[in-house]
Amino acid sequence: VEQLDVKTAFLHGDLEEEIYMQQPEGFEKRGKEHLVCRLKKSLYGLKQARRQWYRKFDSFMTVQGYHKTQADHCVFVKKFEGGDFMILLLYVDDMLIIGRDQGKIWMLKKALNRTFAMKDLGPARQILGMHIIRERSKKQLWLSQERYVTKVLHRFNMSEAKPVGSTLPANCKLSGKEHWNAVKWILRYLKGSSKMFLRFGSGKPQLDDFTASDMSADVDTSRSTSGYVMKYAGGVVSWQSRLQKTVALSTTEAEYMAAVEAGNEVLWMKDFIGELSIRQAEYRLCCDSQSAIHLAKNAAYHSRMKHIQRRYHWIRERVEEREFVLMMIHTTRTGQTC
């Protein structure tokens, strides 16, 4: 995993529109101070800058024989004979190159340097606030945000706060001032857990997905909370916890709507890893509500559920088409493979 940085990335974009600017202060053309400059390249501050930089980079990668994945247009893949492959991930001006052949990585770096002003950072160690540690002998990769968490704690004067072992206090009901107290509790939790890592490579190379709901968790609106977590090769790769958009009238409905949110993410992950030539026999979404699973699998119209918005019945079609399997898992086993 190699890391590179593009110097002044937005200056590489070619402009399609006709745009003029005043002459920069201190660089006016003598005798022509009243004239303006027509831009040929994009500049920082232009609303087109991000788009034109991406289009320039996308065009370059296409010439190099890479194709962008449909699931994420900032991930470029090239496959070679014998099953070898290269992956490039772009985030604005930061990029990672992943491949087995160091020679192919070097050739791509050389091509990038010919077209753009690049800074080669070597093996990836730090990107987007994440510290990367690799143990090649154990075939494991670790991600840490200890440095980022330390900066956050310092910013909010919580560096000396007493650590706690849970994300929220027991029986916490958020309403009014309690939101602020909960934020301070979370910062205390981060202080106690800042040295924890996400570890990849210690589990099976398959996607494990879990979903759950908390009925009427929000005291002010009575809305329930949808949550899901997805693991791959032993480490968490995607997670979410947010209030549902509508008020659920039963625990079954709350769990059903949570499963829909998770199901959407499962299919996106399925498409994404599929484009990287990673496939598994069956994709499972584990839920701890038997009634929600029956509702998703049963095509018969349930009179007590007719008020559910039509878009939430999307999951029933996906289950029928075997896009993924909705399975039961007990709450006490949510940390395991279903």
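**Cavity, core and sheets: a short tour**

The lining of the largest cavity is made up of three nonpolar, two polar and three charged residues. I begin with that cavity and work outwards from it. Please keep in mind throughout that this is a predicted model.

How many cavities of 30 Å³ or more does the structure hold? It holds one. The volume of the largest cavity is about 70 Å³. If you want to find it on the screen, look for S226, R242, L243, Q244, K245, M257, E261 and Y312, which line it. Two elements, β15 and α5, each give two or more residues to that lining.

Helix α5 comes up again in the next topic, the nonpolar cores. The largest nonpolar core has 36 residues, and those touching the most other members are Y256, I315, F324 and L326. Several elements supply at least two residues each: the strands β5 (75–79), β14 (225–232) and β16 (284–287), and the helices α5 (251–275), α6 (290–297) and α7 (314–320). Which of them gives the largest share? That is α5, with eleven residues.

Take I315 as an example from this core. Setting aside neighbours within four places in sequence, I315 is in contact with Y256, A259, V260, A296, F324 and L326. Another core, of 23 residues, lies apart from the largest one; A9, M61, F76 and L90 are among its members.

Now to strand β13, residues 207–214. Is this strand largely enclosed or largely open? Six of its eight residues are buried, so the rest of the structure largely encloses it. On pairing, β13 runs antiparallel to β14, with eight bridges between them. One bridge to look at is D209, whose partner in β14 is M230. With β16, β13 pairs in the parallel sense, over four bridges. There, F210 stands opposite C286. As a general point, side chains in a regular strand alternate between the two faces of the sheet.

F210 also brings us to a pocket. The second largest pocket has ten lining residues, and F210, A212, G227, Y228 and V229 are the ones that lie nearest its centre. Strands β13, β14 and β15 (235–243) each contribute two or more residues to the lining. The space in this pocket is about 220 Å³. What classes of residue line it? Five are nonpolar, five are polar, and none is charged. The cavity I started with, by contrast, has three charged residues in its lining.

Two open sheets remain. One has six strands in the order β4-β5-β6-β7-β1-β8, and the pairing is antiparallel. At its edges are β4 (67–68) and β8 (118–123), each pairing on one side only. Strands β4 and β5 run antiparallel and are joined by two bridges. In that pair, K68 stands opposite F76 of β5. F76 was mentioned earlier, as one of the residues of the 23-residue core.

The other open sheet has four strands, ordered β9-β10-β11-β12, again with antiparallel pairing. Which strands are its edges? They are β9 (126–127) and β12 (198–200), and each of these pairs on one side only. Strand β11, residues 140–144, makes three bridges with β12 in the antiparallel sense. W142 has R199 in β12 as its bridge partner.

To recap one item, α5 supplies eleven residues to the largest core and also gives two or more residues to the lining of the largest cavity.

How values were computed: Residues numbered from 1 in each chain as written. Predicted model: local features only at pLDDT ≥ 70, side-chain atom pairs only at ≥ 80, totals over all residues. Heavy atoms only, no water. Core = buried A, V, L, I, M, F, W, Y, C linked by side-chain atoms within 4.5 Å. Buried < 20%, exposed > 50% of the residue type's maximum accessible area, 1.4 Å probe, protein only. Contact = heavy atoms within 4.5 Å. Pairing = 2+ DSSP bridges. 1 Å grid on protein atoms, 1.4 Å probe; cavity = no way out; pocket = protein on both sides within 12 Å on 5 of 7 lines; lining within 4 Å. Points joined across faces, edges and corners; volume = space filled by probe spheres on them. Nonpolar A, V, L, I, M, F, W, Y, C, P; charged D, E, K, R; others polar.
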